[in-house]
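Here's a quick briefing to help you find your way around this structure. Keep the 3D view open as you read.

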Amino acid sequence: MSMTRTINVTVNGTSYEHDVDVRLTLADFLRHELNLTGTHIGCEHGVCGACTILLDGRTARSCLTFAVQVDGHSVTTIEGLAEKDGTLNPLQRAMVDNHGLQCGFCTPGVLATLTELLNDIPNPSEQQVREALTGNLCRCTGYSGMIAAVMQVARANCNDDGRQ
Amino acid sequence: MKPAPFEYHDPRTLEEAVSLLGRCENAKVLAGGQSLVPMMNFRYVMPDHIIDINGIADLAGIEECDGVLRIGAATRQRDLEFSDLIARRWPLIKAGLHHVGHRQTRNRGTMGGSLSHADPSAELPNVCAAMDATIEIAGPRGTRLVPFAQFNRAFMTTAVEPDELLTAVKIVPWAEGHGYSFQEFARRHGDFAVVGVAALLELERDLVTRAAVSVCGVSTGPVRLREIERKLVGAAASDETFAAAAISAREVDAIGDHHASADYRRHLAGVLCERALRQARARVTIATDGAVG
Amino acid sequence: MGVKQFGARVARLEDTALLSGRGRFVDDIKLPGTLHAVFVRSTYANARVLDINASEALAMPGVRAVLTAADLPTRMRTQRMPMLVPNTHIKTLRTQHCLAVDEVRYVGQAIAVVIAEDRYVAEDAAGMVFVDYDVLPAVNDVRDAVKDGTPLVHPEFGSNVVVEMPMTFGDVEAAFANAPHVFHEDMWQHRGGGNAMEPRCVLASYEPATELLTVWSATQTPHISRRMLGELLDMNIEQIRSIAPDVGGGFGPKAIFYAEEAVVAFAARHIGAPVKFTEDRREHFLCATQERDQYWNMSIAVDDDGTILGVKGSLLHDTGAFMPWGIIMPYIAAATLPGPYKLKSYNLDITVVFTNKVATTPVRGAGRPQAVFAMERLMDRVAHELNIDPAEVRRRNFIQPEEMPYPVGLTFRDGKPLVYDSGDYPKGQEVALEMSDYSTFRDRQAAARAQGRYIGIGIANYVEGTGLGPFEGVTIRILPNGKVRVATGATNQGQGTRTTISQIVADQVGCRIEDIDISIGDTAAIANGVGAFASRQAVNAGNSAFIAGTEVRGKILKLASRHLGVPEEEINLEDGIATARTGNKPSISFGELASLAQGMPGFSMNPDDSVGLEHTAYFTPLQAAYCSGCHVAEVEVDIGTGGVKINRYSVSHDSGNIINPLIVDGQVQGGVAHGIGNALLEWMKYDENAQPVTATFADYLIPMATDVPTCAIEHVETPSPLNPLGVKGAGEGGTIPAAAAIVAAVENALAPFGCRFVEAPLVPERIVAALSQAGAYGAPVR
């Protein structure tokens, strides 16, 4: 009964035209059709947050979105976060400095969440960071490293503002 | 945990959607997908047809029309959360939204989706219950309006018939400067409420002139505590009044499950009712002086 | 020598790839033509399987096979899975079949497997495999399972009791008979899971031309996995390559060898195409092993001053329907109970019991959190009854540092006396108390209570046997291009193994950390290996790296000395270059030396030279290295809702010498988070028919960012004398005492009401019920 549709989607700045089964989740589309395996699947019921990506700049669970729904839209995954020259962006670097990841499985979703948060609020409070991260479960770190990473970026954002 | 096969429809107009609903057996409407798709992935639900309403342009939006708030069914929870109009005139909605899921799910989740899913612990239906919202439903027989009191029919079942679509929620504001509160106890941030209490108050000096108290998480849907509301009106907005209300709130009929017993839910209803009334009182910015009326 | 890496906060080598989406987890690996396995699982906790009808499933397009036990090779079909850790006390050993043979004993047990071209189709087909069951009564609660007339998990044994075994030393009855004070507590901890964010995953590929089976598995123990596959598939282990690539968290359940690994490997060989199984979260809740259901009925005998005279009682342990790792958890629990305290006598009667639930095996802590909970709750009880400060009653009973090495009095499961190698428990507690401002707490508490706020503080100490054997290995080889190739059977599920091993190698060999190319968790890279469990890799693999590095350094120096014409003592090894400190400071690179160490074709080797600049070392610890620590939790309880907020959490931690404080702090913080889950949130519930009722992340509650405070952590380093690096394990210490400290803190917060708590997780409803019973709300809640 399932059928296929042709979708046009921009992922990390690249346009793709693909035929997809309409029941294919966006997470599986990214991982298995586009081979962008940086997006991870941890629960497939929208709680763990490992599959979180940016859909038109806003976080979304790619396990709860069908690929057919992103026709005409733009998706950013963990593979699309680094600077143009391929070096880590300030948030990614801060994650290294502060031991914000251990096994790295939740990391793609965490980066999506924190990227959106820092776009919305360049200098968030620790409580705002913690509340944003409730949408991402991490079993390894106890969250402190990733919180410290955001606060490091936030301080830098603050100093940038101060200079302007 | 992959969904069973289905046929996918993405109507561009309301009429098209309603027509599809009339034609398709075992169809489900897909809005934000934050409740439906998990159930599909678990294969708890296996619809033959998915009708994706995200492409219907005029189904989303927040507008004030003749003093009444109209929220399109496909309006994202995030857009409600960040709406100045809602924060100013319908602050209970924003207060309730603070407890709804996580920013990642509010980005996609919709007002209509939450109401249609009708989880007994959900916050937005409780807000609608407290505010006596009117639900707009479109179907092959035209558009009809259902008072929220008649919207929840049974456990996770609403007044929306299989061939109908929830299109909007209409909410009349309370008086400017009214008090409001949404108190909730959840095990973790963003979890469904164990129990949540929405309260609204209007005061005249220190007397309650209007009150609404609604509880979620105790029954199959939100429960308005109308007896308590009746006793509040005309009473002093005092700690004693609210403590008495809390004792009555503990009498609410409650259902137990593996998350919490009925006793515990009743206890929480009392505690949160008192806290909600106190916070609502503290938030009243304009109490009429009695000359108005 | 360059900057010393050992002990430095070296940024992790793992991070850049993982932060860029370039990690390589099993499910990320694509082989052309891969088929997908979906298991048909029991929907009942106890049943006879009468018939399996797969004809409709087999007829579906894209379905390549449906395999049941009857399709498996002889060994897998006729015998149960191997048991890894035998123990003579086990009367009635039971492991499960790879696929169910005639019977199922827990919900989720694998009955058949669908192999299809697409995961979605495989799930469709699995739904069309019809199993006819004769449903039998099931037993869920371990306390029921020991009663007469209860349903039997394995009727052929006539009882659900697997093991009855005492752990004892001293004359405990005499101690109790003469004690001025005896206190009793009945305590319990409930089931939880590992719930690594990456579910289990296996990909197998069989190459007929080379007769090589390659299995990628999200496992903590690839070498053990290879051994099991060899046995079950009747293959020489040299025909099997087992690889654990990036693994997304382990926490114990991934140390187990699972039936699915063998079935998928067989299917790949049988069908002649790569086969992948990716566990989904529901399966993880149903089928990945769990831990912690234990009931402790304990008594403590003390003097008037709180000195412990004896501890005795019983431990009832739920092993689930099978016992793949024997009885190591109750054994470890029993051996952990004495902790940092001097016990003159001790007796624990252990009873291990089958229930119709998935097997219990180690989950971060492995029996220790329960034991520490029992002992620390007893200590708090003593403090309360004798009106002594909880910190003081502990102080009076500590083993003193000058008493090290300290024989506890017990025999450990390796048959050797249990002896603590090192530790300074009094200092550990003082450090944690200071971090937590313990001395001012009573004033802060009084001030809070005056405002109607209920804050409390709790202390928990523990001693943890880490770095268990048998061994781990490290190979170091200098390559002609100057790179340093390292291989180890140690594995990485987030611990930063790549980084810490590289640090040790860089120091010993004298190379740049970025010139190290390290293979982790690949049986093709090193002949022997064990893997990650029991906080063992820093001790086992770390010291192997040290020993191998020292040997390779010696070889480099020897060769460089001859080549540069200067004595070895005058040569510096730094950044991969051997440089003389004297004369005109001639130098030669490691790469050139590695080429020299290969000799020249047709020429004899120099008689002093060994072939190649390489060495493999297998460090074999004589016994455990005992890590210790003290946790102090400060909480606030909302007496209206029973909600608990952890305001402050202080940890003093002794894992010996520290290789990388950044990583160790991360292990402690993450461990505490898991402990917070055990203390307040995580509870795998089953109904009366042993059906799981909390099999989603919305029902089984893992701590979120708003539940876990950032811990204050200080290290009290007492090096282990038992290994060259002086290190101890660090992976589990954060979890072990957390539930004890947090529940103690909640009890302390509610001291005005006289509430006592003896369980974990301690859920808000229980707190409200206790407050209600204490009259906190006036009339008791109905």
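With its 164 residues, chain A would be expected to have a radius of gyration near 15 Å if it were a compact globule, and its value of 16 Å agrees with that. Bear in mind that this is a predicted model. Let's start with chain A, then look at its contact with chain C and at the largest nonpolar core.

**Chain A overall**

- Along the principal axes, the C-alpha atoms of chain A fill a box of roughly 55 × 35 × 25 Å.
- Of the 164 residues in chain A, 62% are buried.
- If you take the contacts in chain A with a separation of 6 or more, 60% of them link residues 24 or more positions apart.
- Chain A has five helices and five strands.
- Reading from the N terminus, the elements of chain A go β-β-α-β-β-β-α-α-α-α.

**The sheet in chain A**

- Five strands of chain A make an open sheet with mixed pairing, in the order β2-β1-β5-β3-β4.
- At the edges sit β2 (14-21) and β4 (58-61) of chain A, each of which pairs on one side only.
- On average, neighbouring strands in this sheet are turned by 40 degrees against each other, ignoring direction.
- Inside that order, β1 (residues 4-11) and β5 (residues 74-76) of chain A pair in the parallel sense, over two bridges.
- To see how these strands match up, find A:V11: its bridge partner in β5(A) is A:V75.
- Helix α3 (residues 107-120) of chain A lies across β3 (52-55) and β4 of chain A, and it runs at about 40 degrees to β3(A).

**Where chains A and C touch**

- The contact takes 43 residues from chain C and 43 residues from chain A.
- On chain C's side, the elements giving two or more residues are α1 (15-19) and α18 (661-681) of chain C.
- Of these, α18(C) gives the most, with seven residues.
- What kinds of residues does chain C bring to its side of the contact with chain A? They divide into 19 nonpolar, 15 polar and nine charged.

**The largest nonpolar core**

- In soluble globular proteins, nonpolar side chains tend to be buried together.
- Here, the largest nonpolar core has 420 residues, and those with the most contacts inside it include B:L92, B:A199, C:V114 and C:I556.
- Helix α16 (residues 537-564) of chain C gives the most to this core, with 13 residues.
- For a close-up, try C:V114: leaving aside neighbours within four places in sequence, its contacts include C:V38, C:V40, C:A57, C:V63 and C:V129.

Terms used. Residues numbered from 1 in each chain as written. Chains lettered and ligands numbered in written order. Predicted model: local features only at pLDDT ≥ 70, side-chain atom pairs only at ≥ 80, totals over all residues. Pairing = 2+ DSSP bridges. Helix = DSSP H or I, 4+ residues; strand = E, 2+ residues; numbered from the N terminus. Axes fitted to C-alpha atoms, helices over the stretch in contact; angles between N-to-C directions. Contact = placed C-beta atoms within 7 Å. Core = buried A, V, L, I, M, F, W, Y, C linked by C-beta atoms within 7 Å. Buried ≥ 20, exposed ≤ 12 C-beta atoms within 10 Å, placed from the backbone. Rg over C-alpha atoms; globule rule 2.2 N^0.38 Å. Nonpolar A, V, L, I, M, F, W, Y, C, P; charged D, E, K, R; others polar.
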